[in-house]
Amino acid sequence: MEHSLDEKGRLIVPSRFRERLGPGFVLTAFGRDPCLALYSSAAWNRICEGLEGAPRKDEAYRRAVRWVFAHTQEPTCDAQGRILIPAPLRAHASIERDVISVGALTHVEIWAKERFAEYAQPRSEDADLFGELGLA
């Protein structure tokens, strides 16, 4: 779904996503792709449990966990279903105004429209994977 941030950096979370995420959710820059993600509280709790149970607790682990939680918010929707996306998170994802929201199994991804076009197109080498997943 295509949307635009308003002048205050707020984004409307579509009602179908709000229904799936539930009353409490998390906005984060966690992940390998240059986008933001909305997780339900339950899904985020599972991620946190995985982090807590990780066998590795060295300096790199602590630095990664610190970065994740410095780039994570628990937004609340206003009466119009909008959340504020803080400037540091917008900068991380190169979001200026136009965004694409995409459901992605356990979360909702929020992409800068220009970046989504770069990352979302299947490549010819993805054909085998689509077949393995039963999507072809």
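**Helix α2, its aromatic neighbours and the sheet**

The buried residues of helix α2 are Ala43, Trp44, Ile47 and Cys48, and I would like to begin with them, keeping in mind throughout that what we are looking at is a predicted model. Around the helix axis these residues cover an arc of only 140°, which places them on the same side of α2. Behind that pattern stands a familiar piece of geometry: an α-helix has 3.6 residues a turn, so residues three or four places apart point the same way. On the other side of α2 we find Arg46, Glu49 and Glu52, which are exposed. The helix itself has twelve residues, and from its first C-alpha to its last it reaches 16 Å, close to the 16 Å expected at 1.5 Å a residue.

What do the buried residues of α2 pack against? Their partners are the strands β3, β4 and β5, the last of these being residues 72-73, together with helix α3, which spans 59-70.

Let me stay with tryptophan 44 for a moment, since this residue is buried, with a relative accessible area of 5%. The ring of tryptophan 44 and that of tyrosine 39 have their centres 5.7 Å apart and their planes at 50°, so this pair counts as tilted. Tyrosine 39 is likewise buried, its relative accessible area being 8%.

If we now search the whole structure for aromatic pairs, we find five. One of them joins phenylalanine 30 to tryptophan 44 in an edge-to-face arrangement, with 5.9 Å from centre to centre and 85° between the planes. Phenylalanine 30 lies in the loop between β3 (25-28) and β4 (36-40), whereas tryptophan 44 belongs to α2, so the pair ties together parts that are 14 residues apart in sequence. Is phenylalanine 30 buried, partly exposed or exposed? At 29% relative accessibility, phenylalanine 30 counts as partly exposed. Taken together, Phe30, Tyr39, Trp44 and Phe69 form one aromatic cluster.

From here I turn to threonine 72, which is found in strand β5 and which, with a relative accessible area of 14%, is buried. Leaving aside residues up to four places away in sequence, threonine 72 touches Val26, Leu27, Thr28 and Trp44, and the tryptophan in that list is one of the buried residues of α2. Which polar partners does the side chain of threonine 72 have? The side chain of threonine 28 is joined to that of threonine 72 by a polar contact of 2.8 Å, and a polar atom of the threonine 72 side chain also lies 2.6 Å from the backbone oxygen of valine 68.

Now to the sheet, which is open and is formed by six strands in the order β1-β7-β8-β4-β3-β5, with antiparallel pairing. Its edge strands are β1 (2-4) and β5, each of which pairs on one side only. In general terms, strands of a sheet pair through backbone hydrogen bonds, either parallel or antiparallel.

Within this sheet I would draw attention to β8, residues 107-112, a strand that is mostly covered, with six of its six residues buried. His107, Glu109 and Trp111 point one way from β8, while Val108, Ile110 and Ala112 point the other way, and all are buried. Which residues stand opposite glutamate 109 of β8? They include valine 102 and alanine 37. Four bridges join β8 to β4, the two strands running antiparallel, and here leucine 38 stands opposite valine 108. Six bridges join β8 to β7 (residues 98-104), again in an antiparallel arrangement. These last two strands, β7 and β8, form a hairpin with two residues between them, and leucine 105 in the turn has a positive phi of about 60°.

Let me close with the protein as a whole, whose secondary structure comes to six helices and eight strands. Read from the N terminus on, these elements run β-β-α-β-β-α-α-β-β-α-β-β-α-α. The C-alpha atoms fill a box of roughly 40 × 40 × 25 Å along the principal axes, and buried residues make up 37% of the 136 residues. Finally, among the contacts with a separation of 6 or more, 59% are accounted for by residues 24 or more positions apart.

How values were computed. Residues are numbered from 1 along each chain as its sequence is written. This is a predicted model: local features need pLDDT of at least 70, side-chain atom pairs count only at pLDDT 80 or more; totals for chains, interfaces and linings use all residues. Side-chain values use heavy atoms; hydrogens and water are left out. Rings of Phe, Tyr and Trp (its six-membered ring) pair if their centres lie within 6.5 Å; planes under 30 degrees apart count as stacked, over 60 as edge-to-face and the rest as tilted. Buried means under 20% relative accessible area, exposed over 50%, partly exposed in between (1.4 Å probe, protein chains only). The expected span of a helix is 1.5 Å times one less than its number of residues. The arc is that of the directions from the helix axis to the C-beta atoms. Contact means heavy atoms within 4.5 Å. A polar contact is a pair of N or O atoms within 3.5 Å; within protein, one must be able to donate a hydrogen and the other to accept it, and residues adjacent in sequence count only if both atoms are side-chain atoms. Two strands pair if DSSP finds at least two bridges between them.
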